[in-house]
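User: Got a minute to go through this one with me? I'd like to start with the loops.
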Amino acid sequence: MRPINQAQISFSSHSVNEGFGRAAVAAFLAQLDPTVADLSDMRTAVSEAVTNAIVHGYREQMGTVYITVKIFEDGKAVVRVRDKGCGIPDVKQAMEPLFTTGGEERAGLGFAVMQSFCDSVRVSSTPGRGTSVTLVKRFEPKA
């Protein structure tokens with residue numbers, strides 16, 4: 001199935017840009033006329049994915065975060081957040097709740113939060129080449 005609308009953005013991995021990524025995706029998804037709760041869920045999931053790219057993907061260096069958003073006729077939204085950072089050596093381990101490489105200031109709940117707010121979360125990563133997180137959520141029409 002082909003998307004009926006899509007958008008792509010990219011921005012520097014400055015931590016202040018996390019809010020921009022979250023807001024840009026939410027603004028694009030607003031055309032689906034989602035409930036406040038559904039839109040809030042996607043904002044949070046996107047925020048976690050972008051934060052992971054900035055904090056873990058690029059660690060002590062600057063890079064670019066790429067976001068692609070696609071909307072399908074059946075109300076499905078697919079958001080892909082990608083970086084070209086250090087990558088994840090063990091995706092399965094990284095997705096375990098409470099696992100983190102970010103030190104004491106990180107809770108290790110980012111992927112768990114994304115999974116709780118989306119219908120599906122797919123993560124692919126290659127060490128030294130980057131990580132791609134794909135968030136899928138179906139928006140039901142308002143009654």
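User: So, Asp33: buried, partly exposed or exposed?

Analyst: Partly exposed, with a relative accessible area of 45%; buried means under 20%, exposed over 50%, and partly exposed lies in between, using a 1.4 Å probe and protein chains only. Keep in mind that this is a predicted model, where local features need pLDDT of at least 70, side-chain atom pairs count only at pLDDT 80 or more, and totals for chains, interfaces and linings use all residues. Residues are numbered from 1 along each chain as its sequence is written, and side-chain values use heavy atoms, leaving out hydrogens and water.

User: Where is Asp33, and what's its phi?

Analyst: Asp33 sits in the loop between helix 1 (18–29) and helix 2; helices (H or I, at least four residues) and strands (E, at least two) are DSSP runs numbered from the N terminus. Its phi is positive, about 55 degrees, although Asp33 is not a glycine. Most residues other than glycine have a negative phi.

User: OK, helices now. How do helix 2 and helix 4 run relative to each other?

Analyst: Roughly antiparallel, a label for angles over 145 degrees (under 35 is roughly parallel, 65 to 115 roughly perpendicular, the rest oblique). The axes of helix 2 (residues 36–57) and helix 4 (residues 110–117) cross at roughly 155 degrees and come within 9 Å; axes are lines fitted to C-alpha atoms, for helices over the stretch in contact, with angles from 0 to 180 degrees between N-to-C directions.

User: And how many disulfides?

Analyst: Zero, counting a pair of cysteine sulfur atoms within 2.5 Å as one. Cys118 is buried at 9% relative accessible area, while Cys86 is partly exposed at 27%.
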